[in-house]
Amino acid sequence: GPLPSGASGHHVPWNASVDLTERDAFLVSNGACAFNISYELFNVGPVDATGPFKDVIRSDASTVSTQSALSQAANSHRTISTQAYLSPGSHLLSVALDDGHAVPESNEMNNYYAIRYTLGGKCGRAPVTPTR
């Protein structure tokens, strides 16, 4: 699954959930916390995925990271690592492999994976001071 990690790493299986705090982030800025995210990219087929294709990581419906110009040799796997700013609260973090379906595949159903995360804290956002 994706590995949202920062100061303290977390391995989260697909379809599971994780509780994070702003202390887990490697950077906190203006209401968002930055995390390192890694996932395994597999090509289980006998044909090279010459691409180029892109993988898109989303928090709910918002894109938080895009890996583009990807290709993957037949019967191989590798780790993809990126960074993303995540907002506090409870959200669905998903990765869409070959987003846009650039590579012809016999099974398009194995290209979407997700976890649920809850991020506690304000991620650097100053509290709002009421005005009169």
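1. Two strands are taken to pair if DSSP finds at least two bridges between them, and helices (H or I, at least four residues) and strands (E, at least two) are DSSP runs numbered from the N terminus. On that basis, an open sheet of 3 strands runs in the order E2-E3-E6 with antiparallel pairing. Its edge strands, each pairing on one side only, are E2 (27–29) and E6 (76–86). From one strand to the next the twist averages 35°, where axes are lines fitted to C-alpha atoms, for helices over the stretch in contact, and angles run from 0 to 180 degrees between N-to-C directions.

2. This is a predicted model, in which local features need pLDDT of at least 70 and side-chain atom pairs count only at pLDDT 80 or more, while totals for chains, interfaces and linings use all residues. Residues are numbered from 1 along each chain as its sequence is written, and side-chain values use heavy atoms, with hydrogens and water left out.

3. Within the sheet, E2 and E3 (residues 32–43) are joined in the antiparallel sense over 3 bridges, and Leu27 has Ala34 in E3 as its bridge partner.

4. A second antiparallel pairing, over 7 bridges, links E4 with E5 (residues 62–72); here Asp55 stands opposite Gln67 in E5. The hairpin of E4 and E5 has 2 residues between the strands, and Asp60 takes a positive phi near 55° in this hairpin.

5. The largest nonpolar core (a set of buried Ala, Val, Leu, Ile, Met, Phe, Trp, Tyr and Cys residues joined through side-chain atoms within 4.5 Å, buried meaning under 20% relative accessible area with a 1.4 Å probe and protein chains only) has 24 residues, and those with the most contacts inside it are Phe35, Leu86, Leu93, Tyr117 and Leu119. Elements giving two or more residues to this core include E1 (17–21), E7 (89–96) and E8 (112–120), and the largest share, 5 residues, comes from E3.

6. The largest pocket (on a 1 Å grid over the protein atoms alone, an open set of points where a 1.4 Å probe fits, with protein on both sides within 12 Å along at least five of seven lines) holds about 600 Å³ of space, the volume being that filled by probe spheres set on the points. Of its 26 lining residues (those with an atom within 4 Å of a point), Phe42, Asn43, Val44, Glu105 and Asn111 lie nearest its centre. E3 gives the most to this lining, with 5 residues.

Terms used
Buried means under 20% relative accessible area, exposed over 50%, partly exposed in between (1.4 Å probe, protein chains only).
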